[in-house]
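Colleague: Before I use any of the labels on this model, I would like to hear what stands behind each of them.

Modeller: Then ask about them one at a time.

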Amino acid sequence: MSFLIAVHVNEGIVLASDRRTTYTNTQTVEGKVIQRIGIHTTNSTDKTFICPNKAGISTCGDGSLLGKPITGFIQEMIREKICADCEVANVPQIIVDYFNELPRVPDTHFIVAGYDAVDFGKQQLLYKVNVKSKEIEPIDTSAQGAFWDGETFTLTRLVQNVAVKMNDGKYIDLPFEDILWGYFTLQDAIDFARYAVETTIQTMHFKNVVETVGGAVDILVITPDETKWLQKEQLF
C-alpha cells in the first residue's frame, strides 16, 4: 500500500507521497494457500508524476501489474495519452480507459490535480479515481482542505475527534481541536503534506504492523502558473 495526500488551498495544490512498495507472495502448497506478506520491499517507487499539461498524478494500491512494477505503465500512459494541450478534466477518464484496456485491471487509485483555462482565468481541479470500479469523483475545492488515500488510519486517528473508554464502559470525549484549513497558505499546505506522510511513516515504524509506508517523501506543488517538484528523490 502507500500513503498519498492532496492539500488544496487558494494558492495551489500540494501532492505528497511516500516511495515504499511492499510485495506479498501467495502460493498453494499441498492444497493449502500460504500468503507471505511483505516478502520484498523497495523504497524507490515513484507514486507522484508530472504530466505534459502540468497536471499532477498520485497513485496507490496495486504496485505491480502483469509481473512488472506499475510505475512503468503509468509513465507509458502519460507519454502516449496525455499531451501538453490535454485538459486536466479529461485526465481521469484517460486513466480509467488506459488501465481497463489492459489484460488485467489493477486495484489502483489515483489523485489527479491541476488547472484548466476558463473564461475568467484558471480553474482548480481535483479528482479521485478508482481504476477497477471506474469511479471518478470530483473534489469540491471551493473551500480549502485536504484528503488522503492508501494507509489512511494513522493520520485519520490524529485529526478526528477521539473518545476515551472508561472502566465503567462509558466514553468521554477528549477536547477536539480543529485544523484551520481556511487559514492555510501554500506554505502551510506544503508543511501539512510533509507532516502527514512523515508521521504516517514514523508511526507505522513503531507499531505492530507491516510497514507498507516508508522511504523518502516526494512533494509536488501545482499553482495556476507552474508545476514543480519541491522535494523529489532522484536517480543516481
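Colleague: What makes you give the order 5-6-9-10-11 to an open sheet of 5 strands?

Modeller: First, the basis: this is a predicted model, where local features need pLDDT of at least 70 and side-chain atom pairs count only at pLDDT 80 or more, while totals for chains, interfaces and linings use all residues. Residues are numbered from 1 along each chain as its sequence is written, and side-chain values use heavy atoms, with hydrogens and water left out. Strands (E, at least two residues) and helices (H or I, at least four) are DSSP runs numbered from the N terminus, and two strands pair if DSSP finds at least two bridges between them. Strand 6 and strand 9 have 6 bridges in the antiparallel sense, strand 9 (residues 108-118) and strand 10 (residues 121-130) have 10, and strand 10 and strand 11 (residues 135-138) have 4. The pairing in this open sheet is antiparallel.

Colleague: Why are strand 5 and strand 11 called edges?

Modeller: Strand 5 (48-50) and strand 11 each have a single partner strand, so one side of each is left without a neighbour in the sheet. The twist averages 20° from one strand to the next; the axes are lines fitted to C-alpha atoms, for helices over the stretch in contact, and angles run from 0 to 180 degrees between N-to-C directions.

Colleague: Which residues are bridge partners across these pairs?

Modeller: Gly61 has Thr108 of strand 9 as its partner. Val112 is matched with Tyr127 in strand 10, and Val129 stands opposite Ile136 in strand 11.

Colleague: What connects strand 10 to strand 11?

Modeller: A hairpin with 4 residues between the two strands, where Lys134 in the turn has a positive phi of about 65°. The hairpin from strand 9 to strand 10 goes through 2 residues.

Colleague: How do you know that helix 2 is largely enclosed?

Modeller: Buried means under 20% relative accessible area, exposed over 50%, and partly exposed in between, with a 1.4 Å probe and protein chains only. In helix 2 (residues 91-100), 7 of the 10 residues are buried, so the helix is largely enclosed by the rest of the structure. Those residues are Val91, Pro92, Ile94, Ile95, Val96, Tyr98 and Phe99. Their cover includes strand 7 (64-65), helix 1 and strand 11.

Colleague: Where does helix 1 lie?

Modeller: Helix 1 (residues 70-81) lies across strand 5, strand 6 and strand 9, at about 20° to strand 5. Contact here means heavy atoms within 4.5 Å.

Colleague: What is the strand order in the open sheet that includes strand 1?

Modeller: The order is 12-1-2-15-16, with antiparallel pairing among its 5 strands. Strand 12 (145-150) and strand 16 (227-231) each have a single partner, so these two stand at the edges. Neighbouring strands are turned by 20° against each other on average, direction ignored. Helix 4 (residues 186-206) packs on this sheet, touching strand 1, strand 2, strand 15 and strand 16, and its direction makes about 165° with that of strand 1. Strand 1 (residues 3-9) pairs with strand 12 over 6 bridges, and Phe3 has Gly150 as its bridge partner.

Colleague: Why does Arg20 count as buried?

Modeller: Arg20 has 14% relative accessibility, so it counts as buried. This residue lies in the loop between strand 2 and strand 3. Leaving out residues up to four places away in sequence, Arg20 touches a number of residues, among them Met1, Thr41, Lys47 and Glu211.

Colleague: What makes a space a pocket, and which residues lie nearest the centre of the largest pocket?

Modeller: On a 1 Å grid over the protein atoms alone, a pocket is an open set of points with protein on both sides within 12 Å along at least five of seven lines, whereas in a cavity a 1.4 Å probe fits but cannot get out; lining residues have an atom within 4 Å of a point. The largest pocket has 24 lining residues, with Met1, Thr22, Gly61, Asp62 and Gly63 nearest its centre. Its space is about 400 Å³, a volume being the space filled by probe spheres set on grid points joined across faces, edges and corners. Strand 3 supplies the largest share of this lining, 4 residues.
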